[in-house]
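Q: I am new to this structure and would love a close look at one part of it, with some of the surroundings filled in afterwards. Could you walk me through the strands and then move outwards?

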Amino acid sequence: MSVDAIHSAEDARLIAKRRLPWMVFDYIDGSAGRETGAVRNRAALDSITLQPRILRDVSSRNLSVPLFGTHAARPFGIAPMGMCNLSAPGADLMLARLAAQYKVPHGVSTVSSTPLEQIIEVANGHAWFQLYFSGDGDGTFKLVERAKAAGYTTLVLTVDVPEVGRRPRELRHGFKMPFSIGPRQFFDFALHPRWSLTQLAAGKPRMANFEMDGYNFDRIESRAKATWGTLARLRDMWPGKLVVKGVLDVEDASELKKAGVDGIQVSSHGARQLESAPTPIEMLVKIRAEVGSDFPLFFDSGIRSGEDVLRALHQGADFVFLGRILQFAIAAGGEPGLHRLWTILSDEMSIAMAQTGQTMLGKKPVHSFG
Ligand code: FNR
């Protein structure tokens, strides 16, 4: 297949669905519970209208935005995702090269499938380290020191996983890290030989940050012991930018600002955690009103097009992160597939900017829900 068959994020998803073993596709695509959270967020995004404007010279348009003292060439970056190399061998480094090229942040997961040191090097510094607090926190703080030593200057603390959400689609296939391959998985892999053979040649994907002494991580271990005290300790030990990801409450946002964090990422973890959480795109408007227009506010969850990015920016986000769709683009077409989707998203945004009379991105009046 040529990547020319990809014309939208949904095209990439459908091709990925054919290519990936069910277990891997459903791990990436699945959401919590009955998946109504994802549906509600999609409906809320779809209800946001962008106002067409006419007869303003929009022939030259700029998609770059300021971000923590630098300029990102796009208003969207790469959300941290664990075990990306499941979508294809080398996926983490494809994302890192993309981040370097567009000077956008690559969120590097605590459970990345490539060591955090290698990713920031390939990303040419455009990488933010995402931290999960885990167990009693010992390994967590060691990981922070390691990220600092590797040259990371932005730390993203993910706070919406006190316990890993139940995602029935992934549970049904027996998804586990590290992998265990029983008869069911064997059958699944046998039916997807292209994926299985490339993975076999590359070696099993691994939780690469945990192969050194003293760094243990159990994907499903409770992360419930984290408190505001944990955040204060992190703030004390981390000299760089500190972002808290997975915030959906106005009061929490206000407390985080008081606690001295440098940015907040409004997110429902792509609807993978609390099924009945309020929709992140609606909370974004409320949180923006609370923290004021100058406080760095980021958004992810459910972004599927360049127009979605513009919608989120209009609702008050300074920068937006993309999750699943990037992995689907890689599964569908490798690195060319990823670049193809990235170009599509950029074109969709640029065209929508022209249609709405904008040549630059910046603070916009908030549009209401239709
Ligand atoms: C994630 N996400 C995530 N977040 C995080 O902070 N650390 C992590 O390790 C992971 N791992 C992860 C794996 C997979 C397969 C997915 C799909 C997501 C959540 C991610 O950062 C982001 O919040 C959502 O993916 C955004 O929603 P969309 O764009 O996928 O709809």
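A: Happy to. Let us begin with a pair of strands: β6 (residues 154-158) and β7 run parallel and are joined by 5 bridges. Please keep in mind that this is a predicted model. Within that pairing, Thr158 stands opposite Lys245 of β7.

Strand β7 has a partner in β8 (residues 263-266) as well, and there too the pairing is parallel, over 4 bridges. Lys245 turns up again here, with Gln265 as its bridge partner in β8. So how enclosed is β7, which covers residues 241-247? Of its 7 residues, 6 are buried, so the strand is largely enclosed by the rest of the structure.

If you follow the chain on from β8, you enter the loop between β8 and α12 (280-291), where Ala271 is found. Ala271 is worth a pause: its phi is positive, about 60°, although it is not a glycine. With a relative accessibility of 9%, Ala271 counts as buried, because the cut-off for that is under 20%.

A similar case sits in another loop, the one between β3 (76-78) and α4, and the residue there is Met83. Met83 is not a glycine either, yet it has a positive phi of about 55°. Its relative accessible area is 2%, so Met83 is buried.

That loop leads to helix α4 (residues 91-102), whose axis comes within 11 Å of the axis of helix α14 (residues 324-355), with a crossing of roughly 25°. This angle makes α4 roughly parallel to α14, because angles under 35 degrees count as such. The crossing of the two helices is left-handed. On the α4 side, the residues that meet α14 are Ala91, Met94, Leu95, Arg97, Leu98, Gln101 and Tyr102. On the α14 side you will find Leu326, Ile330, Gly334, Glu335, Leu338, His339 and Trp342. Sorted by character, the residues of this contact divide into 9 nonpolar, 3 polar and 2 charged.

Now for another pair of strands. Strand β4 (residues 106-108) and β5 run parallel, and 3 bridges join them. In this pairing His106 stands opposite Ala127 of β5. Strand β5 (residues 127-131) is mostly covered, with 5 of its 5 residues buried. Which way do its residues point? Ala127, Phe129 and Leu131 point one way from β5, while Trp128 and Gln130 point the other way, and all are buried. The reason for such a pattern is a general one: in a regular strand the side chains alternate between the two faces of the sheet.

One last stop is His173, in the loop between α7 (168-172) and α8 (183-190). Is this residue buried or exposed? His173 counts as buried, since its relative accessibility is 13%. Which residues does it touch beyond its neighbours within four places in sequence? His173 is in contact with Trp22, Met23, Asp26, Arg184 and Gln185. For a sense of distance, the C-alpha atoms of His173 and Phe187 are separated by 11 Å, and the two residues are 14 residues apart along the chain.

Conventions: Residues numbered from 1 in each chain as written. Predicted model: local features only at pLDDT ≥ 70, side-chain atom pairs only at ≥ 80, totals over all residues. Heavy atoms only, no water. Axes fitted to C-alpha atoms, helices over the stretch in contact; angles between N-to-C directions. Parallel < 35°, antiparallel > 145°, perpendicular 65-115°, else oblique. Left-handed = near helix turned anticlockwise from the far one by under 90°. Contact = heavy atoms within 4.5 Å. Nonpolar A, V, L, I, M, F, W, Y, C, P; charged D, E, K, R; others polar. Buried < 20%, exposed > 50% of the residue type's maximum accessible area, 1.4 Å probe, protein only. Pairing = 2+ DSSP bridges.
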